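Hi,

Here is the structure I promised to pass on. Have a look at it first, and then read my notes below.

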Amino acid sequence: MKKFSLTAIARTQMRTAATASSGRSASTVFGGHEHTLRQTVMGLAAGTELKEHINPGEATVMVLSGRIRLTSGEQQWEGRTGDLLVMPSGTSQITALEESGLLLSVAKTDRAVPPSTS
């Protein structure tokens with residue numbers, strides 16, 4: 001069992017993002033490349049963009065603090081503190097409309113499910 005304060009981690013990531021040349025900072029809190037599920041806390045300085053990228057599976061963005069815009073094609077959604085955005089399949093982009101902390105959760109659907117041992 002592990003316990004994390006996403007609020008504290010997001011605060012740290014936002015402080016780091018504020019001084020980073022990229023305007024962003026991230027820390028994986030669960031999973032990784034070898035797992036199906038990966039959860040990453042990100043800090044984004046106001047105006048920072050996560051350029052358009054392909055969604056590798058099922059994904060959500062929980063806005064821990066701040067305000068963002070999620071864009072996919074011609075569609076846009078705005079998320080504020082406490083909002084959960086379900087990312088559409090295909091390509092998407094995230095823009096921080098103000099300093100923001102996010103929890104990005106991705107379940108890679110291209111991972112093979114191991115056979116049952118029962």
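How much area does the protein chain expose, and what share of it do carbon and sulfur atoms supply? The exposed area is about 7200 Å², and carbon and sulfur atoms account for 52% of that. Before you go further, please keep in mind that this is a predicted model.

Overall picture

The protein chain has one helix and nine strands. Reading from the N terminus, the order of elements is α-β-β-β-β-β-β-β-β-β. The radius of gyration is 15 Å, close to the 13 Å that the globule rule gives for 118 residues, so the protein chain is as compact as a globular protein of that length. If you are setting up a box, the C-alpha trace spans about 50 × 40 × 25 Å along its principal axes. Of the 118 residues, 35% are buried. As for contacts between residues at least 6 apart in sequence, 63% of them join residues at least 24 apart.

The strands

There is an open sheet of four strands, in the order S3-S8-S5-S6, and the pairing is antiparallel. Its edge strands are S3 (49-54) and S6 (75-80), each of which pairs on one side only. On average, neighbouring strands of this sheet are turned by 15 degrees against each other, with direction ignored.

Within that sheet, S3 and S8 (residues 91-96) run antiparallel and are joined by four bridges. If you want a spot to zoom in on, histidine 53 has serine 92 in S8 as its bridge partner.

S4 is worth a click too. S4 pairs with S9 in the antiparallel sense over eight bridges, and with S7 (residues 84-86), also in the antiparallel sense, over three bridges. Methionine 62 shows up in both pairings: this residue stands opposite leucine 103 in S9 and opposite leucine 84 in S7.

The cores

Which residues of the largest nonpolar core touch the most other members? They are Leu44, Val61, Ile68, Ile94 and Leu102, out of 14 residues in that core. Two or more residues each come from S2 (37-44), S4 (57-65), S5 (67-72), S8 and S9 (100-108). S4 gives the most, with three residues.

Isoleucine 68 is a good place to centre your view. Leaving out residues up to four places away in sequence, isoleucine 68 touches Val61, Val63, Trp77, Glu78, Gly79, Leu85, Ile94, Thr95, Ala96, Leu97, Ser100 and Leu102. Val61, Ile94 and Leu102 in that list are also among the core members with the most contacts to other members.

There is also a second, separate core of five residues, which includes Ala10, Val29, Val41 and Leu103. You have met Leu103 already, as the residue in S9 opposite methionine 62.

One more residue

Is serine 72 buried or exposed? Serine 72 lies in strand S5. Its relative accessibility is 12%, and the cut-off for buried is under 20%, so serine 72 counts as buried. Not counting residues up to four places away in sequence, serine 72 touches Trp77, Pro88, Ser89, Thr91 and Ser92. Ser92 is the residue in S8 that has histidine 53 as its bridge partner.

That's the tour. Over to you!

Cheers

Conventions
Residues numbered from 1 in each chain as written. Predicted model: local features only at pLDDT ≥ 70, side-chain atom pairs only at ≥ 80, totals over all residues. Heavy atoms only, no water. Pairing = 2+ DSSP bridges. Axes fitted to C-alpha atoms, helices over the stretch in contact; angles between N-to-C directions. Core = buried A, V, L, I, M, F, W, Y, C linked by side-chain atoms within 4.5 Å. Buried < 20%, exposed > 50% of the residue type's maximum accessible area, 1.4 Å probe, protein only. Contact = heavy atoms within 4.5 Å. Rg over C-alpha atoms; globule rule 2.2 N^0.38 Å. Areas by Shrake-Rupley, 256 points an atom, 1.4 Å probe, with all protein chains shown as cover.
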